[in-house]
Amino acid sequence: MTTAAAPLLDVTGVTMRFGGLTAVNDVSLTVGEGEIIGLIGPNGAGKTTFFNCLTGLYVPTEGSVRYRGTLLPPKPHLVTQAGIARTFQNIRLFANMTVLENVLVGRHTRTREGVFSAILRGPGYHRAEREGREKAMELLAFTGLAEKADHLARNLPYGEQRKLEIARALASEPGLLLLDEPTAGMNPQETRAAEELVFAIRDKGVSILVIEHDMRFIFNLCDRTAVLVQGEKIVEGDRETVQTDERVITAYLGAPLEGTTPAVTETDQ
Ligand SMILES: Nc1ncnc2c1ncn2[C@@H]1O[C@H](COP(=O)(O)OP(=O)(O)OP(=O)(O)O)[C@@H](O)[C@H]1O
Ligand SMILES: [Mg+2]
């Protein structure tokens, strides 16, 4: 019997406990081919921990993560090899390497040339190196960093460092990209440009799961958004569903989400 195509990412009942603290509690989530899915929630809700469970940085206490129907081993390099790439909330670049070198490092999992070839520096090595540079330069052009290729990563302004993280993640040729607060520290113009970049990445055939506190960014981009509060997914759906959910409003301390009309209007007279 043939069933409907499995989702690209299929997370079932993931729980992550640290001692007595349950940071992620029985969270299930799917990301389909070509989707942009949002993950929001107050500080400390467990969003980054959830990403860490997907990418092998943490071994979930319970639950399973499947990618293209296959159970993912909780090892970061195997997750990357399988086709999931990520960026980090706290930027993790090689500060003293150039922009181009940072992207070349990201390609590492996709190069077939082995250690011996590199030592012998045969024709295969030189071809692979040339192709690698060309692909890396394409990614820098795509993310708007081509002119900075020779700059040291640490000299880039913050917003461009975030873009470089994305370029490096894309270098591993992922099918799914996880973005952890990609616009943190960006000005409004950079944020709007980042929205375009996310759409362009999706149009290349890469699905996206994105954590953000900027609600406008999330609701402009996402097909669906899941809300985590104290480790639990309390609601998931389209903009309307999320913005009008009482539990979501309460979780954000009663303050309506930015750019939304409050579900409950009270005149304080
Ligand atoms: N390695 C760890 N050991 C112990 N506790 C941890 C660990 N990692 C995360 N936590 C705890 O898990 C909870 C969730 O943290 P997490 O960083 O996932 O939240 P978040 O939703 O990403 O928050 P923010 O929006 O501030 O980035 C927090 O209480 C945090 O202190
Ligand atoms: Mg976080």
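**Helix 6 and its neighbours**

I started with what the buried residues of helix 6 pack against in this predicted model. On the helical side I noted helix 3 (99–107), helix 5 (123–143) and helix 7 (188–203). Strand 6 (84–86) and strand 7 (176–180) are on the contact list as well.

Next I looked up which residues of helix 6 are buried. From the front of the helix I wrote down G159, E160, Q161 and R162. Then come L164, E165, I166, A167, R168, A169 and L170. I noted that charged residues such as E160, R162, E165 and R168 are listed as buried along with I166 and L170. That makes 11 of the 13 residues buried, so I describe helix 6 as largely enclosed by the rest of the structure.

I also checked the length of helix 6, which covers residues 158–170. From first C-alpha to last it reaches 19 Å, close to the 18 Å expected at 1.5 Å a residue.

**The magnesium ion**

Which protein atoms serve as donors to ligand 2, the magnesium ion? I found OG1 of T48 and OE1 of Q89, lying 2.0 to 2.1 Å from the ion. T48 sits in helix 1 (residues 47–54), while Q89 belongs to the loop between strand 6 and helix 3. The pair therefore ties together parts that are 41 residues apart in sequence.

Are these two buried or exposed? Neither, by my cut-offs: buried means under 20% and exposed over 50%. T48 has 25% relative accessibility, so I put it down as partly exposed. Q89 is partly exposed too, at 29%.

**The open sheet**

I then traced the open sheet of 6 strands and got the order 6-7-8-3-9-10, with mixed pairing. Strand 6 and strand 10 (232–237) are the edge strands, each pairing on one side only. I have the twist down as averaging 20 degrees from one strand to the next.

Within this sheet I followed one pairing through. Strand 3 (residues 36–40) and strand 9 (residues 224–229) run parallel and are joined by 4 bridges. For I37, the bridge partner in strand 9 is R224.

**The hairpin**

How do strand 1 and strand 2 run relative to each other, parallel or antiparallel? I found them antiparallel, with 7 bridges joining residues 9–18 to residues 21–31. D10 has T30 as its bridge partner in strand 2. The hairpin has 2 residues between the strands, and G19 takes a positive phi near 55 degrees there.

**Positive phi outside glycine**

I looked for positive phi in residues other than glycine and noted D26, near 55 degrees. D26 is found in strand 2 and is exposed, with a relative accessible area of 52%.

Q230 went into the notebook too, with phi near 45 degrees. I placed Q230 in the loop between strand 9 and strand 10. At 69% relative accessibility, Q230 counts as exposed.

**Confidence**

Last, I checked how far to trust the coordinates. The chain has a mean pLDDT of 89, and 88% of its residues reach 70 or more. Where does pLDDT stay under 50? I found this over residues 261–269, where the model has 5 contacts beyond four places in sequence. Low pLDDT means that predicted coordinates should not be read in detail, and I left that stretch there.

Conventions. Residues numbered from 1 in each chain as written. Chains lettered and ligands numbered in written order. Predicted model: local features only at pLDDT ≥ 70, side-chain atom pairs only at ≥ 80, totals over all residues. Heavy atoms only, no water. Expected span 1.5 Å × (residues − 1). Buried < 20%, exposed > 50% of the residue type's maximum accessible area, 1.4 Å probe, protein only. Contact = heavy atoms within 4.5 Å. Donors = N, O, S within 2.8 Å, 3.2 Å for Na, K, Ca; no water. Pairing = 2+ DSSP bridges. Axes fitted to C-alpha atoms, helices over the stretch in contact; angles between N-to-C directions. pLDDT = per-residue confidence, 0-100.
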